[in-house]
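Colleague: Before accepting the labels attached to this model, I should like to see the reasoning behind them. Please set each value against its criterion.

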Amino acid sequence: MEFLVLISAAFGAGVPNTIAGGGTFLTFPALVFTGMPPVMANATSTVAVFPGYLGGALSFRQELGGFDRRRLLRLAGITLAGGLVGSGLLLVSSNEAFAVVVPFLLLGATMAFLFGDLVRSWAAARARDVTADGALGLFAVALYGGYFNGGLGIILLALFSLWGMADLDRMNALKSGLSFLLSAISVAVFAVAGLVAWPQAAIMMLAATAGGYAGAPLARALPKPVVRGVIATVGFGMSAIFFWRLIAAG
């Protein structure tokens with residue numbers, strides 16, 4: 001029964017990840033539901049959705065090739081450094097401390113997802129070139145992504161808008177490439193630290209990949225507001241459940 005829950009959640013996560021993101025709202029709670037400690041559940045969830053980032057990066061390889069190589073390497077280095085620090089912070093977090101933070105992270109990620117277009121518009125109106133501040137912003141976002149993956153794509157797109165980027169294809173290409181690097185360093189750290197429940201992770205990776213494949217035709221057929229509404233409902237619902245668990249435990 002537990003594996004059926006995990007397979008269903010991972011497949012369900014693969015579909016919205018292909019369309020708009022938000023799969024973490026399903027995989028992480030499902031792992032906690034099966035009794036896995038929150039820190040291990042977060043690490044295993046990161047591994048479960050990892051193949052989707054690789055697929056996204058490969059699909060945008062032509063757009064990524066259009067970036068200046070030196071700039072791309074610089075951004076990749078900042079992302080890896082931030083992801084390494086964020087993953088390290090998760091390693092030293094106790095399950096009790098992480099359980100306190102999780103409801104706020106889920107709620108924040110859901111709000112970022114729901115109002116992502118408004119956030120990007122606001123950021124675009126205040127666009128600036130990539131400077132030291134831009135590097136600091138990317139490091140902070142990567143640190144968050146290494147610690148908790150939810151809503152990462154929306155936050156990255158808002159950051160790129162602040163940098164003055166306007167071409168959505170190029171923005172999505174850079175988002176996919178940096179998300180893949182960030183997830184790769186996180187997966188490596190979690191694996192070395194022994195935080196990954198591999199049987200669950202392996203079967204969820206397969207299910208998430210299948211869900212991502214199934215999500216492609218849905219991405220063409222479903223209206224964007226419907227997709228966003230479903231994912232936001234799941235996000236708010238999961239946030240409420242984890243707030244209730246936090247209050248009940250206190």
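Colleague: How do you know that the length of helix 13 (residues 224-249) agrees with what is expected of a helix?

Modeller: The model is a predicted one. Helix 13 has 26 residues, for which 38 Å is expected at 1.5 Å a residue. From its first C-alpha to its last, helix 13 reaches 37 Å, which is close to that value.

Colleague: What is the corresponding result for helix 11 (residues 168-193)?

Modeller: Helix 11 also agrees, because its 26 residues should span 38 Å and its end C-alpha atoms are 37 Å apart.

Colleague: What is found at the start of helix 11, and what just after helix 11?

Modeller: At the start, a side-chain oxygen of Asp167 comes to within 2.9 Å of the backbone nitrogen of Asp169. The cut-off for a polar contact is 3.5 Å, so the distance satisfies it. Just after the helix, Gly194 adopts a positive phi of about 75 degrees.

Colleague: Which residues does UniProt list as "transmembrane region", and how much helix do the spans 178-198 and 226-247 contain?

Modeller: The unreviewed UniProt entry lists several spans under that heading, including residues 178-198 and 226-247. In the model, residues 226-247 are 100% helix and 0% strand, with end C-alpha atoms 32 Å apart. Residues 178-198 are 81% helix and 0% strand, and their end C-alpha atoms lie 24 Å apart.

Colleague: Which residues of helix 13 are buried?

Modeller: They are Val227, Arg228, Ile231, Ala232, Gly235, Met238, Ser239 and Phe242.

Colleague: Why is Leu75 called buried?

Modeller: Buried means under 20% relative accessible area. Leu75 has 1% relative accessibility and therefore counts as buried. Leu75 is placed in helix 6 (residues 69-91). Its C-alpha is 9.5 Å from that of Leu174, although the two are 99 residues apart in sequence.

Colleague: Why is Val119 called partly exposed?

Modeller: The class lies between the 20% limit for buried and the 50% limit for exposed. Val119, at 34% relative accessibility, therefore counts as partly exposed. Val119 lies in helix 8.

Colleague: What makes up the nonpolar surface patch?

Modeller: Leu107, Met111, Leu114, Phe115, Leu118, Val119 and Phe236 form a patch of about 540 Å². A patch residue must have over 30% relative accessible area, and the 34% of Val119 therefore meets that requirement. Helix 7 (95-114) and helix 8 (116-125) each supply at least two residues. The largest share, three residues, comes from helix 7.

Definitions and conventions
Residues are numbered from 1 along each chain as its sequence is written. This is a predicted model: local features need pLDDT of at least 70, side-chain atom pairs count only at pLDDT 80 or more; totals for chains, interfaces and linings use all residues. Side-chain values use heavy atoms; hydrogens and water are left out. Helices (H or I, at least four residues) and strands (E, at least two) are DSSP runs, numbered from the N terminus. The expected span of a helix is 1.5 Å times one less than its number of residues. A polar contact is a pair of N or O atoms within 3.5 Å; within protein, one must be able to donate a hydrogen and the other to accept it, and residues adjacent in sequence count only if both atoms are side-chain atoms. UniProt positions are given in the numbering used here, feature names are shortened, and annotations may be inferred rather than shown by experiment. Buried means under 20% relative accessible area, exposed over 50%, partly exposed in between (1.4 Å probe, protein chains only). Patches are made of residues with over 30% relative accessible area and no salt bridge: like charges are joined within 9 Å, nonpolar side chains (Val, Leu, Ile, Met, Phe, Trp, Tyr) within 5 Å. Accessible areas come from the Shrake-Rupley method with a 1.4 Å probe; for residues, only the protein chains shown count as cover. A salt bridge is a side-chain nitrogen of Lys or Arg within 4 Å of a carboxyl oxygen of Asp or Glu.
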